[in-house]
Structures are given as structure tokens and as C-alpha cells.
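Student: I would be grateful for a close look at a single part of this structure. Could you please take me through one helix and its surroundings, step by step?

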Amino acid sequence: MSKRSNWAIPYFIFLVIFVLLPLILIVVYAFQGQDGGFTMENITKFFTDGDALNTFAVSIEVAIENTLICLLLGYPAAYILANKDLNKSAVTVILFILPMWINALMRTLATAELFNVLGFSLGKGTLLYGLVYDYLPFMIYPIYNVLLKMDNSYAEAAADLGATPVQVFGKVTLPLSMPGISSGILMVFMPTVSTFAISEFLTNNKIKLFGTIIQENINSSMWNYGAALSLIMLLIIGLTTLLLGGDKENAVEGGTV
């Protein structure tokens, strides 16, 4: 253990057992038929399964709406938190962290009970409320971290050259904060698509998201089809990460220039 690299062995073992092995099992089950042989039936079934396709479309719609709401609420909050003139207390930042200290399931159950007490009918509105409540911090903090580390000399230089505050924000602050926006979008959009507990409790299972379909198939011992749906979800996450990763680099280059 004298070599520094040897200290990484426990982490490597952890990744193999709890990350790599489950992914391999998902791929194996996804391309395995009832007889144990190789088949593409589980993958092709998704594209012919009307219920799964409809649920996937609803999941994308809800995820887009949740992400947009979180962005519209989260960016101003992150901007205020990162601005020393607008926020002079570190306690404000902690207040946004506090909800994350409570288990997400407990927060969802409490939110559902609150709506029941107030007499609100559970549906899409309550679902979006719960999603925003759960995922808003994941939009705020990536943007906050980028804005906090941003070099203020760019904005000062733009102001010295005659740019108005609106122009400074549009030409300097916003482009340079795009990496945080991209991270926030990724951290909100993909979990929203694959969640199931929030939709179950805040809509009484009236609205199903993609994670619910996966859960139902696995609970019904349809491991192969459930694994195929999980694999499709992983591929979408991977493609989205690559696209947003490219947007981050372009945003940094464009903002720097």
C-alpha cells in the first residue's frame, strides 16, 4: 500500500460491484428471451407497446415542464445567492439546502398530505408542484457555483465599454453561466423522466411516468422487458449527457470570446 494508486483499489472494487455489474446485468436481461437465448424482442416491443410509448411521451412532457419551471425559478435564485450585493448572509444558501436533508420520499408524502388537508384534487398540477419542490435545489446549485466562481472583470470590462446592465447580463453573465445551466437541466430533466414515487403519491397513480412502467414490469417478474426499458432510459441519459457536454464547451468558448 506504499503506492498512492493502491488507495484507489477499494473504490475500483466498489464501482465494479455496484455500478459495472448492475449495468452488465441490465444489458444481459434486455437481450435475453424467456428461453434464455439472445433476442431483440424486448427492445422492439417498446416501439410497438402503445402504453409504454404514451407513458414515455407524457414523461418527456412533464420533464420539460418541470425543467423549465425549475430554470425560471432557479436562475434568479442562484443569481441572488451568488451576488454579494444582493445576498450578504451565508444563512440564505443553507436555507436552500435544508429540504435536501430530508428524505425525498418523506417530503413527497408530506406534500401529498398537505394537498389532501387543503382539499386540492391530485393531478398534473400537484405533480409539477412536487417535482419542482424536490428538484429545484438541483437546478440552483450548479448555476450558483458557476456564478460564484465567475470572474467579475468580464462584467466590469463590458460596463466600462458602455454596456447597460441588461447587455452585460445577456452578453457576459448568461453565456458564462451556461455550463451551470446545462448541468442543472441534466440533473432535473433525466431524474424527472425516470421517477415513479412522486407521480404515484401526488396523482394517486393517475399519471404514470417512465419509471413507473419499469417498476411495474419488474414487480410483475417481467425482468427482461423491464431491463430493456431501463437500457433505453440509460441510452437516452447518455445521449443527453453528450449533447449537453458539447453545449457546455461551446458556451464556455463563446462566453470567453
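Tutor: Let us take helix H5, bearing in mind that this is a predicted model. Helix H5 runs over residues 104-118, which makes 15 residues. From its first C-alpha to its last it reaches 21 Å, close to the 21 Å expected at 1.5 Å a residue.

Consider next the two ends. At the N-terminal end, Asn103 acts as a cap of H5: one of its side-chain oxygens lies 2.8 Å from the backbone nitrogen of Leu105. Just after H5 comes Gly119, which takes a positive phi of about 85 degrees.

Now turn to the sides of the helix. Which residues of H5 are buried? They are Arg107, Thr108, Thr111, Ala112 and Phe115. Because these residues cover an arc of only 135 degrees around the axis, they are on the same side of H5. On the other side of H5, Met106 and Val117 are exposed. The buried residues of H5 are covered by parts that include helix H6 (124-149) and helix H10 (197-203).

One of the buried residues, Arg107, deserves further attention. Its relative accessibility is 7%, and since buried means under 20%, Arg107 counts as buried. Side chains of opposite charge can pair when their charged atoms come close. Arg107 forms a salt bridge with Asp134, and the closest N and O atoms of the two are 3.0 Å apart. Asp134 lies in helix H6 and Arg107 in helix H5, so this pair ties together parts that are 27 residues apart in sequence. Asp134 is buried as well, with a relative accessible area of 5%.

Helix H6, which helps to cover H5, also has a link to helix H3. By the rule used here, the count comes to 4 salt bridges. Among them is that of Glu61 with Lys124, whose closest N and O atoms are 2.6 Å apart. Glu61 belongs to helix H3 (residues 50-82) and Lys124 to helix H6, so the pair ties together parts 63 residues apart in sequence. Lys124 also meets Glu65 in a salt bridge, at 3.1 Å from N to O. Glu65 lies in helix H3, so this second pair ties together parts that are 59 residues apart in sequence. Glu61, Glu65 and Lys124 are thus linked in a network of salt bridges.

How accessible are the members of this network? Glu61 is partly exposed at 38% relative accessibility, Lys124 is partly exposed at 30%, and Glu65 is partly exposed at 25%. Arg107 and Asp134, by contrast, are buried.

Definitions and conventions. Residues are numbered from 1 along each chain as its sequence is written. This is a predicted model: local features need pLDDT of at least 70, side-chain atom pairs count only at pLDDT 80 or more; totals for chains, interfaces and linings use all residues. Side-chain values use heavy atoms; hydrogens and water are left out. Helices (H or I, at least four residues) and strands (E, at least two) are DSSP runs, numbered from the N terminus. The expected span of a helix is 1.5 Å times one less than its number of residues. Buried means under 20% relative accessible area, exposed over 50%, partly exposed in between (1.4 Å probe, protein chains only). The arc is that of the directions from the helix axis to the C-beta atoms. Contact means heavy atoms within 4.5 Å. A polar contact is a pair of N or O atoms within 3.5 Å; within protein, one must be able to donate a hydrogen and the other to accept it, and residues adjacent in sequence count only if both atoms are side-chain atoms. A salt bridge is a side-chain nitrogen of Lys or Arg within 4 Å of a carboxyl oxygen of Asp or Glu.
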